[in-house]
Structure formats: structure tokens, C-alpha cells
Amino acid sequence: MSLAFDARTALVPIDMQRGFVLDPARSNNPAIDANGLRLLSAWRAAGLPLIHVRHDSVQPGSVFTPGQPGNALRPGFEPQGAEPLVTKSVIAAFIGTDLDLRLRRLGVTSVVLFGISTDMCVSTTARVAANLGYRTIVVGDACFTFDQPDADGRPIPADTMHRAHLATLRAEFAEVVDTDALIAALRPRELRAAG
């Protein structure tokens, strides 16, 4: 696997919203915000395409309903300048949105995904992206998820959910990398952009 990025690669942060509470009792990866902010900073420095995704719920009473505090993006994850924001109302960021059209108009052939949650919106978006023909990269340590009950109601720990979904994505749909590896691959481009 070669991590080389150019203007045909877009970073797509998914649902980095305040309504998702990192609860040590039932979620994993307290480093998500720090890693995500490092990714955004490095990506912006490299001058590559960036499209934000936010979940705008249509479910009554949802914390992700527009206008509710939980709908807002987490501190530091708001779009800057002319960075576009795509809003969705289902799990996959490509369904019912213009994300695919925006990417195609930019000439994007590869997407780098991170966000919340690993097993839901990130995983589903990665699968759709791969099926649409995009080279898909998921930054595993810039995602988190929650405990989930199995069919018998027994809890599956968040870290197990996270690892299993990343393994499935790696097997068929995406390359899975960590923040440090991705930033290291961006550095030569950042230096060229600065020079």
C-alpha cells in the first residue's frame, strides 16, 4: 500500500458533532478529537480538497436535529473559508446528498474518511464509496464507536466493534491507516506547497 496524495484525493470528516459523547463506560478512542484536528491541519496545509459531512436528523426529538446543540460540529471541526459542508439524514454520506457529484466535479478519485461512528456512518460511507469506484482510506484512530448489544442483548464492547468493522473494511472496501502514517505521507506535499 502506497500512501500518495494529490488533488484527486479528498478528506471527508463524517459527523464530528457535539451530540456524540465520548463516554469511557461505553465508547472507545478518547484520542479521536486530537487525531481528527491533526488530520485537518495537515490536510489544509497540503492544500488538498476537503468536504465536511454533518448528520441533520429528521427523527423527532433527535439531538442531531438542526438547531439543537448536538447538531453542531465539535470545536475545531467547523468548515473554514469556502470549505463545503454536505448534510445528510441517513447513515451513508452519499445517499440523498450531492457528495458524489461534488467529488466528481473536483476530479476526485480517492477519499480519506474519519469520524463518528466507526461501525455506522464511517463504515457505511466507506462501503458505498468503494462501490462507487473511489479508492477509499479510513483513518482508524480518528474514529470511535459505542458498545452495541448483540441479537441476544449481550453487550459487544466498543473496542471490539471498532476493531471488527475496521477489519471488515480492510478486507474488502478500504485501506485502514492511522493518523501518524497519513500525516507522514502528506509532509512532502506540505513542504512543496510551502516552497
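**Exercise 1. Aromatic rings**

How many aromatic pairs does the structure hold? Once you have the count, classify the pair made by Phe 144 and Phe 146.

*Solution.* Keep in mind that you're looking at a predicted model.

- Step 1: The structure holds six aromatic pairs.
- Step 2: A pair of aromatic rings is described by the distance of the centres and the angle of the planes.
- Step 3: For Phe 144 and Phe 146, the ring centres sit 5.3 Å apart and the planes meet at 75 degrees. Planes over 60 degrees apart count as edge-to-face, so that's the label for Phe 144 and Phe 146.
- Step 4: Now zoom out a bit. Phe 144 and Phe 146 belong to a cluster, linked by ring pairs, that also takes in Phe 20 and Phe 64.
- Step 5: As for their surroundings, Phe 144 and Phe 146 are both buried.

**Exercise 2. Two cysteines and no bond**

Work out why Cys 121 isn't bonded to Cys 143, and decide whether each of these cysteines is buried or exposed.

*Solution.*

- Step 1: Start with the count: the structure has zero disulfides.
- Step 2: Look for the cysteine sulfur closest to that of Cys 121. It belongs to Cys 143 and is 11 Å away.
- Step 3: A disulfide needs the two sulfur atoms within 2.5 Å. At 11 Å, the sulfurs of Cys 121 and Cys 143 are too far apart for a bond.
- Step 4: Check from the other side. For Cys 143, the nearest cysteine sulfur is that of Cys 121, and Cys 143 is in no disulfide.
- Step 5: Buried means under 20% relative accessible area. Cys 121 has 6%, so it counts as buried. Cys 143 has 0%, so it's buried too.

**Exercise 3. How two helices pack**

Describe how helix H3 (residues 118–131) and helix H4 (residues 158–172) pack, and say which residues make the contact.

*Solution.*

- Step 1: Get the geometry. The axes of H3 and H4 are 10 Å apart, at an angle of about 5 degrees.
- Step 2: Name the arrangement. Angles under 35 degrees count as roughly parallel, so H3 is roughly parallel to H4.
- Step 3: List who takes part. From H3 come Thr 118, Asp 119, Ser 123, Ala 126 and Arg 127. From H4 come Met 161, His 162, His 165, Leu 166, Thr 168 and Leu 169.
- Step 4: Sort them by class. The contact of H3 with H4 has four nonpolar, five polar and two charged residues.

**Exercise 4. Odd backbone spots**

Find what stands out about the backbone at Ile 116 and Ser 117, at Asp 15 and at Asn 29.

*Solution.*

- Step 1: Recall the usual picture. Most residues other than glycine have a negative phi, and most peptide bonds are trans.
- Step 2: The bond joining Ile 116 and Ser 117 is a cis peptide bond, with omega about -10 degrees. Ser 117 sits in the loop between strand E4 (110–116) and H3.
- Step 3: Asp 15 isn't a glycine, yet its phi is positive, at about 55 degrees. You'll find Asp 15 in the loop between strand E1 (9–14) and helix H1 (32–46). With 0% relative accessibility, Asp 15 counts as buried.
- Step 4: Asn 29 also has a positive phi, near 60 degrees. Asn 29 lies in the loop between E1 and H1. Its relative accessible area is 15%, so Asn 29 is buried.

**Exercise 5. Three residue portraits**

For Trp 43, Asp 100 and Gln 148, find the element each one is in, how accessible it is and what it touches outside its sequence neighbours.

*Solution.*

- Step 1: Trp 43 is in helix H1 and counts as buried, at 0% relative accessibility. Leaving aside residues within four places in sequence, its contacts include Phe 5, Leu 11, Pro 49, Val 112 and Leu 186.
- Step 2: Asp 100 is in helix H2 (residues 99–106). With 22% relative accessibility, Asp 100 is partly exposed. Not counting residues up to four places away, Asp 100 touches Phe 94, Leu 132 and Tyr 134.
- Step 3: Gln 148 belongs to strand E6 (residues 148–149). At 24% relative accessible area, Gln 148 is partly exposed. Apart from neighbours within four places in sequence, its contacts are Asp 119, Met 120, Arg 154, Pro 155, Ile 156 and Met 161.
- Step 4: Add a distance for each. Trp 43 and Gln 17 are 26 residues apart in sequence, and their C-alpha atoms are 20 Å apart. For Asp 100 and Ile 156, it's 56 residues along the chain and 33 Å between C-alpha atoms. Gln 148 and Asp 33 are 115 residues apart in sequence and 22 Å apart in space, C-alpha to C-alpha.

Definitions and conventions:
Residues numbered from 1 in each chain as written. Predicted model: local features only at pLDDT ≥ 70, side-chain atom pairs only at ≥ 80, totals over all residues. Heavy atoms only, no water. Buried < 20%, exposed > 50% of the residue type's maximum accessible area, 1.4 Å probe, protein only. Phe/Tyr/Trp six-rings, centres within 6.5 Å; stacked < 30°, edge-to-face > 60°. Axes fitted to C-alpha atoms, helices over the stretch in contact; angles between N-to-C directions. Helix = DSSP H or I, 4+ residues; strand = E, 2+ residues; numbered from the N terminus. Parallel < 35°, antiparallel > 145°, perpendicular 65-115°, else oblique. Contact = heavy atoms within 4.5 Å. Nonpolar A, V, L, I, M, F, W, Y, C, P; charged D, E, K, R; others polar.
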